[in-house]
Amino acid sequence: MSSETQDVDSHERREHHHEISSGEWKHGLFACFGNFGVCIVTYLVPCYTAGKVGEAVGDSCPLCCCVFCVPVLNVVCGAMVRRKVRERKGIKGTCCGDLLAFLCCTCCALVQEARETNALFDSPTVERD
């Protein structure tokens, strides 16, 4: 194996290790206002946030955005994207939990996922006690 290939493999392992967290979400489900910009965008145009979060986990942004506008399908696909975020970040959880979060608290779940993946934009985060 060449030195260049080993460097790439090592870099990929570091990136993967960097994405694995302590098994918890960095921001709570109801910590929407910790990043006011993400919160406002999500509440005004949730399909945009859904598309950007989908893109952050390797799905098609336009497809996720359009699917968000289809009742029932939006909840199922939203839960699937949430599972991908959890798996990518090493966050504990279940498919049922993902489905319930997206069904009951859609915008809060989208904000949480967007903040976890930095899917929208980096703006100051306010830490609350």
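The largest cavity here has a volume of about 100 Å³. This is a predicted model, so please read everything that follows as computed. At a threshold of 30 Å³ or more, the structure holds one cavity.

What lines that cavity? There are 13 lining residues, and those nearest the centre of the largest cavity are A50, C77, G78, V81 and F102. Sorted by class, the lining comprises nine nonpolar residues, three polar ones and one charged one.

Which elements supply the lining? At least two residues each come from helix 3 (46-56), helix 4 (61-67), helix 5 and helix 7. Helix 5 gives the largest share of the lining, with four residues.

Now the packing. The largest nonpolar core contains 16 residues. Within this core, C32, V38, V53, V81, V85 and A114 have the most contacts. The elements contributing two or more residues to the core are helix 2 (36-44), helix 5 (73-89) and helix 7 (106-117). Here the largest share is from helix 7, at three residues.

V81 appears in both parts of this talk: it is one of the residues nearest the centre of the cavity, and one of those with the most contacts inside the largest core.

Next, A114. Leaving out residues up to four places away in sequence, A114 touches V38, T49, V53, A119 and L120. Of these, V38 and V53 are also among the residues with the most contacts in the core.

Apart from the largest core there is another one, of seven residues, including C47, A50, F102 and L110. A50 and F102 bring us back to the cavity, as both are among the residues nearest its centre.

Technical notes
Residues numbered from 1 in each chain as written. Predicted model: local features only at pLDDT ≥ 70, side-chain atom pairs only at ≥ 80, totals over all residues. Heavy atoms only, no water. Core = buried A, V, L, I, M, F, W, Y, C linked by side-chain atoms within 4.5 Å. Buried < 20%, exposed > 50% of the residue type's maximum accessible area, 1.4 Å probe, protein only. Contact = heavy atoms within 4.5 Å. 1 Å grid on protein atoms, 1.4 Å probe; cavity = no way out; pocket = protein on both sides within 12 Å on 5 of 7 lines; lining within 4 Å. Points joined across faces, edges and corners; volume = space filled by probe spheres on them. Nonpolar A, V, L, I, M, F, W, Y, C, P; charged D, E, K, R; others polar.
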